Amino acid sequence: MNCEELIRYLSDYIDRELDEELRADAQEHLATCRNCRVVLDTTQQMIFLYRRTGRRAIPAERRGRLFRRLQEAFQGSGTGTTADQAA
Ligand SMILES: [Zn+2]
């Protein structure tokens with residue numbers, strides 16, 4: 001699994017909706033890629049904050065926007081976009 005795939009699966013990974021095989025792949029990538037661990041942490045914190053404010057989940061639309069921005073950041077096509085700013 002590469003970074004792009006990891007980002008694509010990140011939402012399902014956090015929701016524990018990934019196949020066992022994909023989940024293992026994701027964990028293997030996270031073990032070796034600091035960037036993706038930061039993205040995972042940031043996303044999990046954001047979800048945690050949302051839940052603390054009484055919302056059950058991040059709206060799908062907002063989630064989609066976040067992941068698109070993260071993907072752009074990884075592809076280097078953004079203008080210095082970071083995961084922090086995406087949140
Ligand atoms: Zn990565």
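1. A quick word on helix length before anything else: the expected span of a helix is 1.5 Å times one less than its number of residues. For α2, the 13 residues should span 18 Å at 1.5 Å a residue, and the end C-alpha atoms are 19 Å apart, which agrees. Helices here (H or I, at least four residues) and strands (E, at least two) are DSSP runs, numbered from the N terminus.

2. Keep in mind that this is a predicted model: local features need pLDDT of at least 70, side-chain atom pairs count only at pLDDT 80 or more, and totals for chains, interfaces and linings use all residues. Residue numbers start from 1 along each chain as its sequence is written.

3. On confidence, pLDDT is the predictor's own score for each residue, from 0 to 100. The protein chain averages 80, and 82% of the residues score at least 70. Among its elements, helix α2 (residues 20–32) has the highest mean pLDDT, 96, and helix α5 (residues 83–86) the lowest, 48.

4. The overall layout is easy to describe: the protein chain has five helices and zero strands, in the order α-α-α-α-α along the sequence. Contacts mean C-beta atoms, placed from the backbone, that lie within 7 Å. Of the contacts in the protein chain with a separation of 6 or more, 52% are between residues 24 or more positions apart.

5. How much of the protein chain is buried? Of its 87 residues, 14% count as buried. A residue is buried if 20 or more other C-beta atoms lie within 10 Å of its own, exposed if 12 or fewer, and partly exposed in between, with C-beta atoms placed from the backbone. Helix α2 has one buried residue among its 13, so it lies largely in the open.

6. Now α1. Its twelve residues should span 16 Å at 1.5 Å a residue, and the end C-alpha atoms are 16 Å apart, which agrees. Leu 6, Ile 7, Leu 10 and Tyr 13 are buried in α1. Down the axis of α1, these buried residues fall within an arc of 120°, so they line one face of the helix; the arc is that of the directions from the helix axis to the C-beta atoms. The cover over them includes α2, α3 and α4.

7. Helix α4 (residues 60–75) is worth the same look. Its 16 residues should span 22 Å at 1.5 Å a residue, and its end C-alpha atoms are 22 Å apart, which agrees. Leu 66, Leu 70 and Ala 73 are the buried residues of α4. They cover an arc of only 55° around the axis, which puts them on the same side of α4. On the face turned away from that buried side sit the exposed residues Ala 60, Glu 61, Gly 64 and Gln 75.

8. Which residues make up the largest nonpolar core? There are ten: Leu 6, Ile 7, Leu 10, Tyr 13, Ala 26, Cys 36, Val 39, Leu 66, Leu 70 and Ala 73. Such a core is a set of buried Ala, Val, Leu, Ile, Met, Phe, Trp, Tyr and Cys residues joined through C-beta atoms within 7 Å. Helices α1, α3 (34–52) and α4 each supply at least two residues of this core, and α1 gives the most, with four. Leu 10 touches Val 39, Leu 40, Thr 43 and Phe 67, not counting residues up to four places away in sequence.

9. One backbone oddity to check on screen: just after α1, Arg 16 takes a positive phi of about 60°. Most residues other than glycine have a negative phi. Arg 16 is in the loop between α1 (3–14) and α2, and is exposed, with 7 other C-beta atoms within 10 Å.

Terms used
Contact = placed C-beta atoms within 7 Å.
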